[in-house]
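Reader: I like to know what stands behind the labels people put on a model. Can we go through some of them together?

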Amino acid sequence: MLDTLRAFFADSRLARWGLLAGGALLVLALVGFGGWTWYQSQQGQGAAALAAAVELAQKALVPGATPELRAQAAQALEAVIAQHPRYAGLPEAAYRLGNVRYDAREYAAARGAYQVALAKGATAAIRLLAASGIGYTWEAEKDYAKAQTAFEAALAGLGPKDFLYEGLLLDIARTQEFGGRRDAALETYRRLLNDVPDSRRADDIRTRIASQQSTPK
């Protein structure tokens with residue numbers, strides 16, 4: 001009889017622990033589902049906000065757009081960044097904000113936006129475009145040394161077949177040329193012809209080389 005009671009209570013404890021464990025797993029599953037649902041909701045809200053902001057930004061970048069329209073576009077993109085910090089598309093919002101600021105000739109603000117895009121994990125084309133955008137802001141301010149450094153950073157790791165490789169080499173050569181570094185510019189132009197022999201800009205590049213070579217030091 002005593003053995004039977006002991007077996008009964010042992011079975012009861014096992015059943016109780018089984019129920020507790022099952023309940024805990026159910027709670028975890030519900031929490032996980034709730035977290036996933038919340039995340040998806042946040043992503044959806046961010047995407048909707050970005051879509052509206054992008055529409056404004058596209059209108060703001062049309063030639064002849066008013067300063068007021070550019071300001072509205074910038075505010076809408078800034079709101080996406082501020083109100084949806086976990087949104088996966090945040091780097092694109094920052095990049096587009098940089099474009100709007102650049103178009104308004106607010107070069108320091110544009111540079112800051114491009115840097116945010118990189119800091120927030122921009123990848124692929126957005127990363128390259130934001131990195132090169134930093135170079136364009138320095139070039140617009142006629143700081144050719146910093147522009148060259150930014151373009152070189154954007155070029156790092158790219159090969160002749162990669163997106164923007166040719167354009168970035170041209171950017172580097174141009175900033176070297178404008179910055180008074182003729183020999184370095186000539187070397188970069190020649191590198192471009194060697195790396196991309198079928199470039200559509202080959203004739204223009206050869207013209208630049210001839211012009212640099214004919215200019216007295």
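Author: What follows is a set of questions about a predicted model, each answered from its values.

Reader: Let's start with the overall fold. What makes you describe the chain in terms of helices?

Author: The secondary structure comes to nine helices and zero strands. Going along the sequence, the pattern reads α-α-α-α-α-α-α-α-α.

Reader: And what share of the chain is buried?

Author: Of the 217 residues, 36% are buried. As for the surface, the chain exposes about 13,000 Å², with 59% of that supplied by carbon and sulfur atoms. Also, among contacts with a separation of 6 or more, 49% are between residues 24 or more positions apart.

Reader: Why is Val 100 called buried?

Author: Val 100 has a relative accessibility of 1%, and buried means under 20%, so Val 100 counts as buried. Val 100 is in helix 3, residues 90–103. Setting aside neighbours within four places in sequence, Val 100 is in contact with Ala 57, Leu 61, Arg 70, Ala 73, Ala 74 and Leu 77.

Reader: How far from Val 100 is Ala 110 in space?

Author: The two are 7.5 Å apart, C-alpha to C-alpha, with their positions 10 residues apart in sequence.

Reader: What about His 84: buried or exposed?

Author: Buried. His 84 comes out at 10% relative accessibility, and the cut-off for buried is under 20%, so His 84 gets that label. His 84 sits in the loop between helix 2 (67–83) and helix 3. Not counting residues up to four places away in sequence, His 84 touches Gln 42, Gln 45, Gly 46, Ala 49, Ala 79 and Leu 90.

Reader: How do you know that Ala 113 counts as buried?

Author: Same routine: Ala 113 is at 6% relative accessibility, the limit is under 20%, and therefore Ala 113 counts as buried. Ala 113 belongs to helix 4, residues 107–119. Beyond residues up to four places away in sequence, Ala 113 touches Ala 94, Leu 97 and Gly 98. Ala 113 and Tyr 95 are 18 residues apart in sequence and 6.3 Å apart in space, C-alpha to C-alpha.

Reader: Thr 188 has a polar contact with Gln 176. What makes it one?

Author: The side chains of Thr 188 and Gln 176 are joined at 2.7 Å. A polar contact needs a pair of N or O atoms within 3.5 Å, one able to donate a hydrogen and the other to accept it, so the pair at 2.7 Å qualifies.

Reader: Why is Thr 188 called buried, too?

Author: Thr 188 has 9% relative accessibility, and anything under 20% is buried, so the label applies to Thr 188. Thr 188 is part of helix 8, residues 182–195. Leaving out residues up to four places away in sequence, Thr 188 touches Leu 169, Ile 172, Ala 173 and Gln 176.

Reader: Last one: which residues line the largest pocket?

Author: The lining is made up of Pro 160, Lys 161, Asp 162, Leu 164, Tyr 165, Glu 166, Gly 167, Asp 195, Val 196, Pro 197 and Asp 198. Helix 7 (residues 165–178) gives the largest share, three residues. The volume of this pocket is about 190 Å³.

Reader: How do the lining residues divide by character?

Author: Five are nonpolar, one is polar and five are charged. Gly counts as polar, so the polar one is Gly 167.

Note on methods:
Residues are numbered from 1 along each chain as its sequence is written. This is a predicted model: local features need pLDDT of at least 70, side-chain atom pairs count only at pLDDT 80 or more; totals for chains, interfaces and linings use all residues. Side-chain values use heavy atoms; hydrogens and water are left out. On a 1 Å grid over the protein atoms alone, a cavity is a set of points where a 1.4 Å probe fits but cannot get out, and a pocket is an open set with protein on both sides within 12 Å along at least five of seven lines; lining residues have an atom within 4 Å of a point. Grid points are joined across faces, edges and corners, and a volume is the space filled by probe spheres set on the points. Helices (H or I, at least four residues) and strands (E, at least two) are DSSP runs, numbered from the N terminus. Buried means under 20% relative accessible area, exposed over 50%, partly exposed in between (1.4 Å probe, protein chains only). Contact means heavy atoms within 4.5 Å. Accessible areas come from the Shrake-Rupley method with a 1.4 Å probe; for residues, only the protein chains shown count as cover.
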